[in-house]
Amino acid sequence: MTNPLTSPRLRRAAAHRLFWPAVILVGLMLVNLPSTPDYFSVGVRHGHLYGSLINILIFTAPQILVGLGLTLVIATSGIDLSVGAVVAIAGTAACWWVVRASDQNAASTALTAAAIGLAAGLACGAWNGFFVARMGVQPIVATLTLMVAGRGVAQLIGNGQIITVNSSSYALIGGWWGPLPSGILIAAAVVLLTITLTRRTALGMLIEAVGGNAEAARLAGVRATRIKMTVYIFCGLCAAMAGLLLTSNTSSADANNSGLWYELYGILAVVLGGTPLTGGRFHIGGTVLGALVIGTLNNTLFALGVPSQSNLVFEGAVVIVVCLLASPKFRVKVLNLRPRRSALPASTAGTEAS
């Protein structure tokens, strides 16, 4: 009997970078069926879509945004450990302005608060980009500094307290636009825009060129410094949007916990999506899939009643499993999924034999 693991079709599918993350995602969803038979059901309640899948998308939208920014940074052989702190700074700054405004429910107040939050994210991204691209500081050192100091800046903005807002206008940012959650629409729009800019223009190729060899790219005429500055600013902007979604959805800003572990989740999403940490290549669709795996895992652990303090252990275990399944050496040695080599033509075979 033929071993199904060695079939050519499965070998070709398993070689695709998104195959095993997709398998894990489907498996996590199926685990919920015994306890939640209507897990895949999506309905309408009070004019809004609801269901387990909708909840996962709402929870994952900020992580998708953070992972999206990290994808382009990592593609240039960089890293940004400050995204969680930027999430806290942007969200706290926006909520601080809403509380300070005389008319909290005014649309202009919400727009100004969103602009302040986005400006804070842009400033943080420019700060990281300046030290990495202009000053030549190692990315892990430059962003680790903002990771620590940025959390303190957020606490200073909030005066060390949780800022609670009561603004219906600000709540729309992370609320509902018609039947759909606004977070899903914002994340989808940013993903589509990023794919368009990086795959329909030369920007993506330039980013990969800088990540592959920044000096060679510079000698070839690529403005490597400008490219690095751009991706760090974009990463800060994505983290700021995530901060606005989180604080708007909860109507509060907690500088201590807002965006906590988001740098971890973002990097894991990027790695699960097939983007190498060495740079030179990136896969935006893979990052989205990786973020969905993490969001579904958190939802599954909560549904199964796993204590919250054990979540990181299970998350680490799942990530290790996915990384092993994505490793060609592991697939060859354990699963015997060896890439199939095409047979040589008769003339070539005869030449090699001679």
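In this predicted model, L30 is partly exposed, with a relative accessibility of 45%. The residue lies in helix α2, which spans residues 19-31. L30 also belongs to a nonpolar surface patch, together with V26, L33 and F40. The accessible area of these four side chains' residues taken together is about 330 Å². L30 qualifies for the patch on accessibility because patch residues need over 30% relative accessible area, and its value is 45%.

The structure contains 0 disulfides. C235 accordingly takes part in none, and the nearest cysteine sulfur, which belongs to C238, is 6.7 Å away. A disulfide requires two cysteine sulfur atoms within 2.5 Å, so this separation does not meet the cut-off. C235 is buried, with a relative accessibility of 1%. C124 is likewise classed as buried, at a relative accessible area of 10%, because the limit for burial is under 20%.

Helix α14 comprises 16 residues, from 311 to 326. The distance from its first C-alpha to its last is 23 Å, close to the 22 Å expected at 1.5 Å a residue. Its buried residues are N311, E315, V318, V319, V322 and L325. These residues lie on the same side of α14, because they cover an arc of only 130° around the axis. An α-helix has 3.6 residues a turn, so residues three or four places apart point the same way. The opposite face of α14, turned away from the buried side, carries the exposed residues V313 and I320.

Methods
Residues numbered from 1 in each chain as written. Predicted model: local features only at pLDDT ≥ 70, side-chain atom pairs only at ≥ 80, totals over all residues. Heavy atoms only, no water. Patch = residues over 30% accessible without salt bridge, like charges linked within 9 Å, V, L, I, M, F, W, Y side chains within 5 Å. Areas by Shrake-Rupley, 256 points an atom, 1.4 Å probe, with all protein chains shown as cover. Helix = DSSP H or I, 4+ residues; strand = E, 2+ residues; numbered from the N terminus. Buried < 20%, exposed > 50% of the residue type's maximum accessible area, 1.4 Å probe, protein only. Expected span 1.5 Å × (residues − 1). Arc of directions from axis to C-beta.
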